[in-house]
Amino acid sequence: IRCWSNIPFITMPLSRAHGKSFAHRSELKHAKRIVVKLGSAVVTRGDECGLALGRLASIVEQVSVLQNQGREMMIVTSGAVAFGKQRLRHEILLSQSVRQALHSGQSQLKDMAVPVLEARACAAAGQSGLMALYEAMFTQYSICAAQILVTNLDFHDEQKRRNLNGTLHELLRMNIVPIINTNDAVVPPPEPNSDLQGVNVISVKDNDSLAARLAVEMKTDLLIILSDVEGLFDSPPGSDDAKLIDIFYPGDQQSVTFGTKSRVGMGGMEAKVKAALWALQGGTSVVIANGTHPKISGHVITDIVEGKKVGTFFSEVKPAGPTVEQQGEMSRAGGRTLAALHPEQRAEIIYRLADLLTDQREEILLANKKDLEEAENKGRMALPLLKRLSLSTSKLNSLAIGLRQIAASSQDSVGRIIRRTRIAKDLELEQVTVPIGVLLVIFESRPDCLPQVWNCTPSSLASEPCKIMEQIFLETMLKNMENKGWVVSGLRAALQRRNLRILVNEKLDVSCQCTVAQKAICILDCIKRSVARRSVEKAAKGIPVMGHSEGICHVYVDTDASVEKVTRIIRDSKCEYPAACNALETLLIHRDLLRTPLFDQIIDMLRVEQVKIHAGPKFASYLTFSPSEVKSLRTEYGDLECCIEVVDSAQEAVEHIHKYGSSHTDVIITENEKTAEFFLQHVDSACVFWNASTRFSDGYRFGLGAEVGISTSRIHARGPVGIEGLLTTKWLLRGDNHVVSDFSEHGSMKYLHESLPLPQRNIN
């Protein structure tokens, strides 16, 4: 028994059979029964007279989509007063115009004033029209809607409450969408401070409390409250420091400053939060979001149900660690600490990492073996991915060598002066390199990525060696630094790998909403699958994405190719590591080489290496009995498979590469220097080689030290991305009381713009 408006009444028990509220947004897709509350600001126009028909139609469409998915949808709506106000104003103006035309003439029509309309009368005039509009809209989707009007007093009577509950259940059983509203034509005026006095008491004063009450009574899984703000902010929206709260927990309301109520309607944000917390306590998940923003209102409801980062999600389960926003802030702050280290300190850290890789190799390889055995036992991984997942002593040694290369070049990485200019006397400008910022690195089944790039979100398929390496590196290295008396505050936050199993979509979406994270996170994408790359780019929104999709690498064998070089280069390109993104996928053969000894040698070598051959359309036309014809010339096999296609010239080879390639790495094999130079200059890929294997497309082999991926983008970095690809620049200007006015036409100073010599680089 609870007290509501000082009158005791019986409520439904809060511990419901269908369980507690959802703990995470990702679970919202499982919501079966959903209440959508439409605030007055969502339903009405900006002039508060009439309905926002476009928004309303979009909301009906989204509700219909979810209803047709088999969910049970209910709508708690406002709008009757606004709709009735529009009708009554029209009638009054029409009536006044007729009377004044008869008695005063047309000259006084412009002076007519519309009297203040009583809200109950407006509601009475608008209810029927509002419902007729809903019925017409839902009919377009073959869905029936039913109207239910309730008042505060209806919840006093236990029999009425049971009748209401039974009616709603029967409508839902018949696949009808109930549209519920307070009966504003007869509702009594609210008593001051009579409702929502804490989360344990609730009365139906406005549609927020009505929606919460119905959500608990009907044991709904999700309550969506749509208003004219993006969600709940930690301070009034519009203030300088206001931040959208992604997840709100019970008890957090003490740290929130509420603003005024919405421009229309009876409830403000404080009322919405209290209603939401009451529903949450009753086992219903709640999201408060913006239903008026033109860019998101067309899909706000479906986005919420899909678990996307929209509005404020109310949860009873607080995460054990920092939120994604806090991780972004910590990483940014720690990164600045790292950037301020002296080159010698950075070098010593990286040398220590390289030593740890070799010193602790047995522990790392043992963890990798555990991952491989688990993957093989579950049979969940294709052979190419299994090869990528595998670590070896030689791989770890190569990683250590690469790290030492980076350490040796630390003087020429961060803080390197790349341009000096004397602007005027005693006014000198420098352009220096600085870290690009915090990187979110996404990779699949590649534990060897971790030592090369630290602040990352790895695939769970490489979890064990990543955890071991993180533990070894962090604890050993930071302890070593502390022993030297270095200030390591903030370094742990900068180096620590974030939430191993965090959903990538969650981090991307949050980073777009959080100002700090949007400035902090730049994504370096090491995913080679095109579908995953496109989904990352879509989810990242305004965050830069650098990386490649497929690695569709070509080797073109010209008529002037050397017999000794052809089979050797092709074997290495395809067979040395077929799962790599820089492995050969399409072999282009000049037409004149068909049915020659060189062509036979190529085919024999591929058969010996057990490479499955797919014939391109032109190649298949030359053969009586051909291998299986390729389904697509844009295929990355990632295994001992390749496509062979025929071209008539180097020009046609270039055109084929541009049409079907991925701008990764492409090779020509020829002894004709003129043809080779034509190929090198005209192929528009990140890496173009002459008489060399595609496998050389690698940061370590280029001498870049560590590599975090191969970028096929055209902005900032292209090809294998090493340390320089992760740097940007800033400008340092040193003056002595200089002002721009001194350089005006009648000023005392002149611009010099003299180039100054750069400091000697350390070439050791």
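Which residues is Leu 226 in contact with, leaving aside its neighbours within four places in sequence? I looked this up, taking contact as heavy atoms within 4.5 Å, and found Val 36, Lys 37, Leu 38, Gly 39, Val 42, Ile 59, Ala 289, Gly 291, Val 300 and Ile 301.

I noted that this is a predicted model, in which local features need pLDDT of at least 70 and side-chain atom pairs count only at pLDDT 80 or more, while totals for chains, interfaces and linings use all residues. Residues are numbered from 1 along each chain as its sequence is written, and side-chain values use heavy atoms, with hydrogens and water left out.

I then turned to the largest nonpolar core (buried Ala, Val, Leu, Ile, Met, Phe, Trp, Tyr and Cys residues joined through side-chain atoms within 4.5 Å; buried is under 20% relative accessible area, exposed over 50%, partly exposed in between, with a 1.4 Å probe and protein chains only). This core has 39 residues, and Phe 138 and Leu 226 have the most contacts inside it. Helix H4 (residues 119-139) gives the largest share, 6 residues; helices are DSSP runs of H or I with at least four residues, strands runs of E with at least two, numbered from the N terminus.

Next I looked up salt bridges (a side-chain nitrogen of Lys or Arg within 4 Å of a carboxyl oxygen of Asp or Glu). Lys 565 and Glu 671 form one at 2.9 Å, N to O. Because Lys 565 lies in helix H19 (residues 563-575) and Glu 671 in the loop between strand E21 (665-669) and helix H23 (673-682), the pair ties together parts 106 residues apart in sequence. Lys 565 is partly exposed at 32% relative accessible area, and Glu 671 is partly exposed at 43%.
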